[in-house]
Amino acid sequence: MAERLPDHFGIDFGNHSVKAVYLKNFASKTPELAGIGNIKTPFGVLNSENDVHKDRLASVVRQMINDAGIRVKQVVAAVPESVVSTRVSTYKGVKESELAQAVYWDAKQSLPVPIEEMQVDHTVLGEKKETQEFLVLRVAATKKIIQTYIDVLERAGLEPIAIETEGVAIARMIKHTTGIPEAIVLDFGSQTTDMSIVKQGNLVFSQSISTGSDSLTRSIMNDFSLEYPQAEEYKIKYGLEASQLEGKIFNSLEPIVKIIVGEVVRGIEFYKSQTGFSSPKDVYLVGDGALLPGLALYLTDQLGLNISLADPWQNFKIRGEYEKILENSRSAYAVAVGLALKDI
């Protein structure tokens with residue numbers, strides 16, 4: 001039986017902000033929020049192997065942790081889905097004891113980077129013992145990108161005890177907060193929109209869509225000749241509310257959101273064809289970009305699924321001062337919460 005992790009906190013690196021969540025009794029049914037941090041990410045430093053950039057990001061992390069009053073040094077962090085390769089494959093006529101080797105050779109043949117430079121892991125999604133057939137999710141990332149995050153954390157005076165993907169963290173969060181057997185999760189970030197499908201608390205499908213919240217801001221900038229701050233303000237205030245400003249902001253944003261919708265539909269169809277599973281009917285929106293006014297209603301209309309803004313803080317004990325911090329940004333901490341909940 002795997003040992004439980006020591007006391008730790010979760011840290012989520014984003015293009016716009018770095019977030020941290022520390023939970024007391026993280027392995028219980030009702031953990032207590034004991035520390036929370038959110039700080040702006042310096043421009044151009046994320047995912048950089050440059051030592052100066054690593055030091056700048058580490059300095060920001062130290063400041064955030066100090067401001068949040070988090071004294072724990074052990075940390076679980078995530079690498080972005082955009083730098084992770086995921087693939088669902090079926091392996092027939094393979095014994096369970098041979099599966100790891102089969103995944104390794106498959107990865108060696110299919111990944112564009114030499115296998116020696118990759119960190120590869122896999123999860124069994126389904127099994128037919130009579131035919132020795134396994135449905136497997138393979139996750140791979142370059143050792144360089146993983147080491148980059150480890151370097152930043154260590155320069156910040158922290159001890160990384162686990163590095164995982166954002167999708168895995170989100171799957172854990174969904175299981176803890178909703179208890180539903182399966183769901184689609186759309187994580188709206190600044191550069192990408194990451195789609196995850198989770199079943200029984202496990203990530204079973206993941207894809208990164210190269211259209212994020214910044215694309216919406218740029219559309220408003222271009223359509224109305226605005227500077228970034230003002231365009232961002234219009235986006236945050238009016239979003240996809242067609243009744244606001246004679247629908248001008250809606251009309252600017254809709255073509256971009258439709259690109260995301262199209263990719264989500266294709267992702268769902270690919271998932272169904274690869275796994276033979278039906279598509280979940282519940283969709284949860286997370287991330288800073290998920291707070292866009294009118295987004296959930298628009299996606300409900302376009303996808304015909306049950307769309308709602310996720311609340312990663314269900315089943316938590318939260319003191320008053322933290323409730324105030326979370327008042328308008330609860331879903332933005334989904335990844336950090338999932339990381340903080342990791343118990344083995």
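A cavity here is a set of grid points where a 1.4 Å probe fits but cannot get out, and its lining residues are those with an atom within 4 Å of a point. With that in mind, let's look inside this predicted model.

So how many cavities of 30 Å³ or more does the structure hold? There are two. Here they are side by side:

| Cavity | Volume | Lining by class |
|---|---|---|
| Largest | about 50 Å³ | six nonpolar, three polar, no charged |
| Second largest | about 30 Å³ | five nonpolar, three polar, one charged |

Start with the largest cavity. Its walls are made by Phe188, Gly212, Ser213, Leu216, Val257, Ile260, Gly289, Leu292 and Leu295. Two elements give two or more residues each to this lining: helix 5 (213-224) and helix 7 (248-275). Ser213 and Leu216 are among the lining residues, and their numbers fall in the range of helix 5. Val257 and Ile260 also line the space, and those numbers belong to the stretch of helix 7. No charged residue turns up around this cavity.

Now for the second largest cavity. Around it sit Val45, Leu46, Asn47, Ser48, Lys54, Leu57, Thr148, Tyr149 and Val152. Helix 1 (51-68) and helix 3 (143-155) each bring at least two residues to that lining. Which helix gives the most? That's helix 3, with three residues. The lining has one charged residue, and Lys54 is the one that fits the bill, since Lys counts as charged.

Notes
Residues are numbered from 1 along each chain as its sequence is written. This is a predicted model: local features need pLDDT of at least 70, side-chain atom pairs count only at pLDDT 80 or more; totals for chains, interfaces and linings use all residues. Side-chain values use heavy atoms; hydrogens and water are left out. On a 1 Å grid over the protein atoms alone, a cavity is a set of points where a 1.4 Å probe fits but cannot get out, and a pocket is an open set with protein on both sides within 12 Å along at least five of seven lines; lining residues have an atom within 4 Å of a point. Grid points are joined across faces, edges and corners, and a volume is the space filled by probe spheres set on the points. Helices (H or I, at least four residues) and strands (E, at least two) are DSSP runs, numbered from the N terminus.
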